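Trainee: I should like to work through this entry by question and answer. May we begin once the structure is displayed?

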Amino acid sequence: RNPMNRFVTACVATALTQLFSPIATSAAKPLGAQAKRIPNIVILFADDLGYGELSCQGNPEIPTPHIDSIANNGVRFTAGYVAGPNCSPSRAGLLTGRIPTRFGYEFNPTGAVNEEPGFGLPSAEITIAEALHDAGYTTGLIGKWHQGGTARYHPFRHGFDEFFGFTHEGHYFAPPPYKGVTTLLRRKTLPGGAQGIWMGQGGLHYHNKLGRNEPDYDANNPIVRGGQPVVETEYLTDALTREAVDFIDRHDDKPFFLYLAYNAVHSPLQGADAYMDKFVHIKDIHRRIFAAMLANMDASVGAVLEQLRKSGLEENTLVFFLSDNGGPTKELTSSNLPLRGSKGQMYEGAIRVPFMLQWKGKVPAGLVYEKPVSSFDIFATAAANCAGVTAPKQVEGVDLIPYLTGENDGVPHETLYWRQGGKTALRHGDWKLVRMGRRLSPGKAKWELYDLSKDISETNNLAAAKPDRLAELIEIWEKLNGEMSEPLFK
């Protein structure tokens with residue numbers, strides 16, 4: 001080539017580099033700074049945790065310092081509600097920000113039903129993961145899905161970039177031969193005709209307190225990464241912790257949404273040895289295993305919060321902690337006190353849950369908020385405070401931040417509605433309407449009426465004493481009930 005041509009080419013290349021490099025550099029820095037200002041969203045979702053089990057909720061028996069720290073550094077809601085009295089409808093409400101009965105997601109699929117066509121979160125429903133993903137967030141689900149077990153309903157098809165966990169309602173924390181854990185399983189009949197708890201060798205025990213067998217949680221329900229089954233050797237809560245910490249570490253340079261859906265403290269009852277040793281003073285093996293499972297989950301929450309600190313994201317992350325529903329007391333020993341009822345019912349003990357929020361520097365630390373809030377509000381709060389996120393118009397939650405900062409002194413929710421076949425409830429103001437009918441119809445069940453401002457435990461049924469109030473709430477319920485869809489599955 002001509003030397004002069006080579007000289008001219010080099011000069012032009014140098015000029016172009018000098019011209020465009022400052023532009024590229026100056027553009028990159030603001031984008032990075034903007035990414036750091038956009039809050040991350042972390043939802044820590046416990047499974048079957050009773051209202052009265054955390055230290056911050058008044059339980060002195062099982063220390064939960066890490067979960068409590070969320071309340072200490074943020075807000076604890078004393079009237080936090082979820083969308084359903086059991087696992088799957090509650091999760092559908094959390095993910096979509098709306099009453100699941102509106103789109104037919106009324107009942108709770110279990111076992112092989114999870115694999116049947118049509119059993120899952122409809123693709124037409126926009127999830128919080130989809131909304132955040134479309135705004136530039138990296139989204140991850142770790143843990144329990146329970147929104148359909150077939151390909152049509154996979155988390156990838158509902159807005160999640162990453163998934164590590166399982167798709168059915170439950171999973172063993174350690175597989176047979178149950179090494180490193182103490183296991184207590186339900187049995188219809190105990191060996192030798194024993195009653196109560198049968199203590200076996202090697203840490204495997206049975207009980208017949210409920211008169212039925214432990215569900216086949218692991219049947220066709222593998223732990224998967226993405227869409228492929230994996231062999232997991234760690235105690236499952238620890239494995240979920242490992243994956244959550246890694247997710248934060250890998251994505252701390254960009255806005256992310258982490259939905260860590262624990263299967264603790266859901267059955268089967270399996271306590272890891274290290275945590276069983278911490279509760280040797282609890283003589284009841286049933287209660288001791290539950291304590292070990294809860295303490296293990298609390299340590300997991302601590303590890304997630306610690307990774308946020310290590311990544312420098314503690315003040316740039318909105319953290320929610322709540323349970324999917326109240327505790328099944330007979331099954332787990334879980335307490336919902338001072339509330340009445342348990343999982344699967346429509347009393348407060350089923351639908352009012354431990355619920356807290358932390359956003360350092362944005363909401364007051366140590367605030368106890370007593371007005372009703374809902375899991376729907378998580379979607380609405382995320383959308384209102386994350387740049388570029390658009391919540392669907394049908395989301396029924398509200399942005400909680402103005403209520404917590406004092407900017408809005410109103411009530412987030414005047415009316416809340418639930419229905420599951422013949423079981424239904426309505427909270428309107430401080431009044432609660434309940435009907436505990438059969439699974440598919442009310443049957444002969446009568447309406448009950450309670451004044452929650454004076455009777456949080458729902459012990460004094462005022463239906464007969466307050467007929468006008470009862471009629472008012474029934475009218476509100478009937479209007480809302482008329483807006484609901486028929487169940488997609490039963």
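The exchange below moves from the overall fold to individual strands.

Mentor: Please bear in mind that this is a predicted model.

Trainee: How many helices and strands are there in the protein, and how compact is it for its length?

Mentor: The protein comprises 12 helices and 20 strands. Its radius of gyration is 25 Å, close to the 23 Å that the globule rule gives for 490 residues, so the protein is as compact as a globular protein of that length. Along its principal axes, the C-alpha trace spans about 100 × 60 × 45 Å. The counts asked for are therefore 12 helices and 20 strands, and the radius of gyration is 25 Å.

Trainee: What percentage of the 490 residues is buried?

Mentor: Buried here denotes under 20% relative accessible area. The protein exposes about 20,100 Å², of which carbon and sulfur atoms supply 53%. By the criterion just given, the buried share of the 490 residues is 58%.

Trainee: Among contacts between residues at least 6 apart in sequence, what percentage joins residues at least 24 apart?

Mentor: A contact requires heavy atoms within 4.5 Å. Of the contacts in the protein between residues at least 6 apart in sequence, those joining residues at least 24 apart make up 69%.

Trainee: Which strands stand at the edges of the open sheet that contains β6 and β8?

Mentor: This sheet has 4 strands with mixed pairing, in the order β7-β8-β6-β12. Within it, β6 (residues 181-186) and β8 (residues 204-207) pair in the parallel sense over 4 bridges, and L184 stands opposite H205 in β8. The edge strands each have a single partner strand, so one side of each is left without a neighbour in the sheet; they are β7 (197-198) and β12 (269-272).

Trainee: Is strand β19 largely enclosed or largely open, and how many of its residues are buried?

Mentor: Strand β19 spans residues 431-436 and is largely enclosed by the rest of the structure. That conclusion follows because the number of buried residues among its 6 is 5.

Trainee: Which strands pair with β19, and which residue is the bridge partner of W431?

Mentor: Strand β18 (residues 423-428) pairs with β19 in the antiparallel sense over 6 bridges, with A425 opposite V434. The two form a hairpin with 2 residues between them, and G429 in the turn has a positive phi of about 65°. Strand β20 (residues 448-451) also runs antiparallel to β19, joined by 4 bridges. The strands sought are thus β18 and β20, and the bridge partner of W431, in β20, is D451.

Definitions and conventions. Residues numbered from 1 in each chain as written. Predicted model: local features only at pLDDT ≥ 70, side-chain atom pairs only at ≥ 80, totals over all residues. Heavy atoms only, no water. Buried < 20%, exposed > 50% of the residue type's maximum accessible area, 1.4 Å probe, protein only. Pairing = 2+ DSSP bridges. Rg over C-alpha atoms; globule rule 2.2 N^0.38 Å. Areas by Shrake-Rupley, 256 points an atom, 1.4 Å probe, with all protein chains shown as cover.
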